Amino acid sequence: MTSVCASPSCGKDTESKLKCPVCLENNVNSVFCDQTCFRTSWSHHKVIHKGDDGSEDYNPFPDFAYSGNVKPHYPLSPRRSIPKHIKLPDYAKAGKPISEIKNDRIGKILVYTPKNIEKIRKVAILAREILDAGAAAVKPGITTDEIDAIVHKECLKRNCYPSTLNYYNFPKSVCTSVNEVVCHGIPDKRPLEDGDIVNIDVSIFYLGFHADLNETYYVGDKAKANPDIVRLVETTRESLDLAIKAVKPGIAFRELGNIIEKHATENGVSVVKTYCGHGTGEFFHCQPFFPHYARNKSVGIAKPGMVFTIEPMLNLGSYKDMNWPDNWTATTQDGKFSAQFEHMLLVTETGVEVLSARTETSPGGPVDRI
């Protein structure tokens, strides 16, 4: 029987029968690939064992200096299963996107045929439906793991694979980034609170193509009543819209960063420099890669048939970010809030088509500044 390795740095499928003896006593099924996985992860794994108070929730990195109030709430729920009839990307089992890695060595920006564009358009529409289903559940008290379960279920209902699942061993079907988390937050047992903001980043694989989009949502009414939070979220939303308006054949990808940073600076927020927009479609991430800050050195010119995302991440304080020991979660260094919006775009003969566009019933949307 196949299980998922309990080591937080592994997460691969394994048929091993090596189990943690302490977990066995507590009727918890923790399986490890081998002794190496077990030994190297022990310092983190042992924290899950119940304390004297019988509590099952724990912080897997108790000695880590978090920059803000958000901390991980483990244990994570088991990796969600995928039915056999759903087509898998090449990394779904081993965690390594071989085809994407090979394509990166070429560095070529793909231009899609009309037939493939029609498929990509369908995948993007499904991704929007799935994101909207997850966003509709956002309210105080719901956990990000519960949002992950909704996204996973909605993917399977449409015969889609959630692209993040096991991508470089990412353990969940969606990224949920709360407050000071810039991106790549792992869904866990932390309940959302009135006054939070949460980014839901949905990516799916269907018909042989990936789609990728995200939005930041206000949780409850407190965040909407905070002028600084509203300024951050709405500036981020607007900066994406302004960059999209500029997309047309012939524009240099590096120019998009100038547009985004100009609007961010005018509104007193900063642009994260670590992460970037990227091509998507045949591969989850591929050329063109371009930062969202001004005067960047990215190469490439937009041409009809290219598909890529723009996904600015803006911070209330410093642009600098840091990573948690889970090797995924990125937060602001100063603990101040961060927001992100992402659309998937097709360059047309005359301009741009927003493949991941909101619908009339999409949850969230802009709010008036205070």
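Strands, as named in these legends, are DSSP runs of at least two E residues, and helices are runs of at least four H or I residues, both numbered from the N terminus. The views show a predicted model.

**View A. Surroundings of Leu314 in strand β14.** Strand β14 spans residues 313–315 and includes Leu314. Leu314 counts as buried because its relative accessible area of 0% falls under the 20% limit. Apart from neighbours within four places in sequence, its contacts include Leu232, Thr235, Thr236 and Ser239. Also in contact with Leu314 are Ile260, Ala264, Val269, Ser270 and Val271, together with Phe337, Ser338 and Ala339. Thr40, which is 274 residues from Leu314 along the chain, has its C-alpha atom 36 Å from that of Leu314.

**View B. Asn179 in the loop between β6 and β7.** Strand β7 comprises residues 181–183, and Asn179 sits in the loop that lies between β6 and this strand. With a relative accessible area of 6%, Asn179 is buried. Once residues up to four places away in sequence are set aside, Asn179 touches Val70, Arg190, Asp196, Ile197, Phe337 and Ser338. Phe337 and Ser338 are also among the contacts of Leu314.

**View C. Thr144 in helix α5.** Helix α5 covers residues 144–157, and Thr144 belongs to this helix. The relative accessible area of Thr144 is 4%, so the residue is classed as buried. Beyond its neighbours within four places in sequence, Thr144 contacts Thr176, Val178, Pro187, Asp188, Arg190 and Leu192. Arg190 appears in the contact list of Asn179 as well.

**View D. Salt bridge between Lys172 and Asp145.** The side chains of Lys172 and Asp145 form a salt bridge with an N to O distance of 3.1 Å. This pair links distant parts of the chain: Lys172 is in the loop between β5 (161–162) and β6 (175–178), Asp145 is in helix α5, and the two are 27 residues apart. Both partners are buried, since the relative accessible area is 1% for Lys172 and 15% for Asp145.

**View E. Salt bridges within helix α6, and a network elsewhere.** Helix α6 runs over residues 227–246 and holds Asp228 and Arg231, which are 3 residues apart, about one turn of the helix. Their side chains meet in a salt bridge of 2.9 Å, N to O. Asp228 is partly exposed at a relative accessible area of 39%, and Arg231 is likewise partly exposed at 25%. In helix α6 there is also the pair Arg237 and Glu234, again 3 residues apart, about one turn of the helix. Arg237 and Glu234 are both buried, and the closest N and O atoms of their salt bridge are 2.9 Å apart. Salt bridges with shared partners also connect Arg80, Asp145, Asp148 and Lys172 in one network. The count of salt bridges comes to 17.

**View F. Positive surface patch with Arg105.** Lys12, Lys96, Lys102 and Arg105 form a positive patch on the surface. Arg105 lies in helix α3, which spans residues 98–106. Its relative accessibility is 69%, so Arg105 counts as exposed.

**View G. Met322 in strand β15.** Met322 is part of strand β15, residues 321–323. Leaving out residues up to four places away in sequence, Met322 touches Phe64, Ala65 and Ser67, as well as Thr329, Ala330, Thr331, Thr332 and Gln333. Asp334 lies 12 residues from Met322 along the chain, and their C-alpha atoms are 9.4 Å apart.

**View H. Cis peptide bonds before Pro75 and Pro288.** The bond from Tyr74 to Pro75 is cis, with omega near 10°. Pro75 is placed in the loop between α2 (35–45) and α3. A cis peptide bond also leads from Gln287 to Pro288, with omega near 5°. Pro288 is in strand β12, residues 286–291.

**View I. Positive phi values at Asn166 and Tyr168.** Asn166 has a phi near 70°, a positive value in a residue other than glycine. For Tyr168, phi is also positive, near 50°. The loop between β5 and β6 holds Asn166 and Tyr168. Asn166 is buried, at 0% relative accessible area, whereas Tyr168 is partly exposed, at 38% relative accessibility.

Methods. Residues are numbered from 1 along each chain as its sequence is written. This is a predicted model: local features need pLDDT of at least 70, side-chain atom pairs count only at pLDDT 80 or more; totals for chains, interfaces and linings use all residues. Side-chain values use heavy atoms; hydrogens and water are left out. Buried means under 20% relative accessible area, exposed over 50%, partly exposed in between (1.4 Å probe, protein chains only). Contact means heavy atoms within 4.5 Å. Patches are made of residues with over 30% relative accessible area and no salt bridge: like charges are joined within 9 Å, nonpolar side chains (Val, Leu, Ile, Met, Phe, Trp, Tyr) within 5 Å. Accessible areas come from the Shrake-Rupley method with a 1.4 Å probe; for residues, only the protein chains shown count as cover. A salt bridge is a side-chain nitrogen of Lys or Arg within 4 Å of a carboxyl oxygen of Asp or Glu. Lys and Arg count as positive and Asp and Glu as negative; His and the chain ends are not counted. The place of a charge is taken as NZ of Lys, CZ of Arg, CG of Asp or CD of Glu.
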